[in-house]
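Trainee: Please take a close look at a single part of this model, namely one chain, and then set that chain beside its partner. I would like one connected account, with each term explained as it appears.

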Amino acid sequence: MQLLIEKVSKRYRGSESYSLQDLSLDIGPGILGLLGPNGAGKSTLMRIIATITRPTHGRVSWNGVDIAEQPDEIRAVLGYLPQDFGVYPNLNADEFLRYMAAIKGIAPKAAQERIEDLLAFVNLLEARKRPLGDYSGGMKQRIGIAQALLNDPRVLIIDEPTVGLDTEGRVRFRHLLAELAGERVVILSTHIVSDVEATANDIAIINRGRLMVRSSPEILLQSVEGKVWQWVLPSSELLAAKQRHLLSSVVRRKDGLHVRVVAETSPAHEAQLAGSPTLEEAYLYCISTHRGEGA
Amino acid sequence: MNRLRVLYAIIRAGYLNKVRTYRFLVTLALTIVAGYIFVPPPTADYVTLAWVSPTTLYRGVYNSAWIGAMVALLTGTFLTLLGFYVVNDSVKRDEETRVGQIIATTPLSNSAYTLGNALCNFAVLSTMVAIVHLTALGMQLFRGEELAIELWALTAPFLVLVLPLMLLVAAIAVLFETRPKLRGGVGNLVYAFVWMFSLPLFSELFDLFGIMGVLSSMGATGQAMYPELDQHKSILGLEWGLTQDKALALFTWRGVNWTPEFLQTRLVLVGVAVGVSLIASVRFGHFDPSPESKKISGTPRSTVQNVEEVVESTVVPLEEIRLRPLGEEALKFRFIPMLLAECRLILKELTMLPLVGMWGSAAAIALVITGLLLPLDMARGIMLPLAWFLPVLVWSRMGTREARHRTDQLVFSSANSLNRQLPAVWLAGVFLAMATGSGVALNSACHGDWPGLLAWTAGATFIPTLALCLGVWTGSSKSFEFIYTLLWYIGPINQVGFLDFMGAIPGSMEAGTWRLYLVLTAILLGLALIGRKLQIQRR
């Protein structure tokens, strides 16, 4: 089970710049968290793997088969949740999932059982008979997650899955991912680092269409060890601090603002090294140190 | 001053958004072709503006005045129909892009918004008129009957006759868009019906297109030169078969005398257009996303819970949920469930038709029964066209449904969607035609009318194939709604034999018209497949 991305570039028609450039990744079973700022090229990469978009250069292969040449090889085992998708507003959840199951070629009886499980998982059992047009954004997102899992996919591509979900929805989603982990390739693209922190065993950070880092969460955390500082400063100095340093968090307390900063050296004489860096800080550090690279 | 700036901003943004589309370029190309067709050469087997007698065709020399007036009259007629479909998506665009909700939070008034959109539509239509005008100029030089260009004589008919009409169409388009029940497919059909059935009657009372004023001036000039010319026997429009065995008599016409009375009638149109755009602002929902039908009057009962609340109250604990894996057998593709799923989707849409609602199915059943019980001629000539008009708004979604509801990424990333899902969509459309026309088919079979049954089969396959092909290639349901309604009106309803694609006219069956439509069906189906393949690949 191998998804191989080799020197993939993508330039959209009418655009001067590349959304992806010479990007290579070798992805095996497990959960790969794909991180990057807005416009980094995450969604483009996801669409290429999902066979929605063709790369301008390079090759993506699933178990040795070029998916641009033979897209049905991966489509047969694919579950895909796009970042921006719609539903048929006059259908209810049951009808929509049955429709999607038919498109994915799932036998009706097996599909019905699967839909029951998935509706329970995404917590839509009670709302299953309501037209999807009446659903909130979060509920539609949960339907999107359910349809991506209908065919028990070997390759699961999920683009910003927790956008619009409430806290409980996000917890349930993380639980679902943990349940799914095993003999399948899961690619989770997001800019919410905590989602990746909770689920991924492998992380790729891309920026301006290029791969910046490919690493495990542990190694990524090590990279920022000894580089996170904290101190208390008055509110009036916040703006100046923001301009000078890479702030990872600001918490207002009685004695002032508790700020955390990612920096190679001590940013202020009263600053102290913070205890345990977070993945978000590691991510910020990575993006800031690679700024200027890329397309 | 500030308001004018806001109006200008609305017009400019809407105009740029519309003219920077592939659809606009196609429409422009069609407009240029129309301008060419409107000025036929003397050897052509059709006429567009002439007076006819048993032996002679009379028309003016192709000078600036004649070509300007002729092309303006024809443009005014066809653009009042086609133009509506080109521009009637301004409010829809703001709604779909959610820009409308941002606009709604600004101090912009409803009336300024609707007027701005009407003027934006007008700017788009005026661009098309300007292109036809330039084409007319080119055609005068190309035909070469008189090479001297009189700019005012060529231009005045466009300014006086066509532009007021375009302003009216622009305002009506906004009015339709701001009325929830006239928005989208229903509005498209209603407008086409009003245009087709009411305008000929209305034109008797008011010279909407300015036709009578111009033709009487032309006819009088012609009669002065050829006393036998009967002013009442004029032809305006594309007419075939009149040029054979007739001599061509030319006269020189120098243009309309634009009297104040004549100009007043055109100004009335401008006033009506402004009024219509202001009426459009009345009760316009200002992008409130809550559907009107769901407004609840009175005090809400305490037992009412919203969907989110209901869901949260019955959460299944995570530890109780397990996803059962799917075996290989469950994942073997089966076409029948796919087809049934598409049929269910289509049936659902039939029962949810705007305005018709649940009565859609009842009306379809009534048409089936009457189609079966009425005498065959009536069933074929009346009930079949009705039965095959009722689902227009369902067919028109074929090929566009995925883009319309943004499910395209979900559907196109499924295995073999080209050779599985598309055929299922097509077959579901054919089944819908067969089901709604089944009464007439049974009636034909009972009477042993096999040619009629063949024509019926051609129609039942042709309609959904046309819908699918147009949907895939244009990405819009409008194209099918427009073309099919015209075809339906001219062919089966007005009994033009070669456009009778369903066998509604007895003569067309004997002529074997159905063969033509079976061949067309095969071509359109092939085009739909190619179009969808490109759609999947070109991203």
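Mentor: What follows is an account of chain A, then of its contact with chain B, and finally of chain B itself.

The model is predicted, so that local features need pLDDT of at least 70 and side-chain atom pairs count only at pLDDT 80 or more, whereas totals for chains, interfaces and linings use all residues. Residues are numbered from 1 along each chain as its sequence is written, while chains are lettered from A and ligands numbered from 1 in the order in which they are written.

Chain A contains 10 helices and 14 strands; these are DSSP runs numbered from the N terminus, helices being H or I over at least four residues and strands E over at least two. Along the principal axes, its C-alpha atoms fill a box of roughly 70 × 45 × 40 Å. The radius of gyration of chain A, 21 Å, agrees with the value near 19 Å for a compact globule of 295 residues; the radius is taken over C-alpha atoms, and the globule rule is 2.2 Å times the number of residues to the power 0.38. Of these 295 residues, 48% count as buried, meaning that 20 or more other C-beta atoms lie within 10 Å of a residue's own C-beta, placed from the backbone (12 or fewer makes it exposed, and anything in between partly exposed).

Strand β3(A), residues 30–35, is mostly covered, with five of its six residues buried. β3(A) runs parallel to β8(A), residues 185–190, through six bridges; two strands pair if DSSP finds at least two bridges between them. In that pairing, Leu34(A) stands opposite Ser189(A). Four bridges also link β3(A) in the parallel sense to β9(A), residues 202–207, where Gly33(A) faces Ile203(A).

Elsewhere in chain A, an open, antiparallel sheet of four strands has the order β12-β13-β11-β14. Its edge strands, which pair on one side only, are β12(A) (246–253) and β14(A) (272–273). β12(A) is joined to β13(A) (256–262) by seven bridges, and Leu247(A) stands opposite Val261(A) there. Helix α10(A), residues 279–289, lies across β11(A), β12(A) and β13(A), at about 140 degrees to β12(A); axes are lines fitted to C-alpha atoms, for helices over the stretch in contact, with angles from 0 to 180 degrees between N-to-C directions.

Turning to the partner, 51 residues of chain A are in contact with 40 residues of chain B, contact meaning that C-beta atoms placed from the backbone lie within 7 Å. On the side of chain B that touches chain A, α12(B) gives the most, with seven residues. By class, that side has 22 nonpolar, nine polar and nine charged residues; Ala, Val, Leu, Ile, Met, Phe, Trp, Tyr, Cys and Pro count as nonpolar, Asp, Glu, Lys and Arg as charged, and the others, Gly among them, as polar.

Chain B is assigned domain 1 (2–287) and domain 2 (334–538), with bounds from an automatic or database domain assignment. The C-alpha centres of these two domains lie 32 Å apart. Nine residues of domain 1 of chain B are in contact with 11 residues of domain 2, and helix α8(B), residues 185–205, gives the most to the domain 1 side, with six residues.

Conventions:
Two residues are in contact if their C-beta atoms, placed from the backbone, lie within 7 Å.
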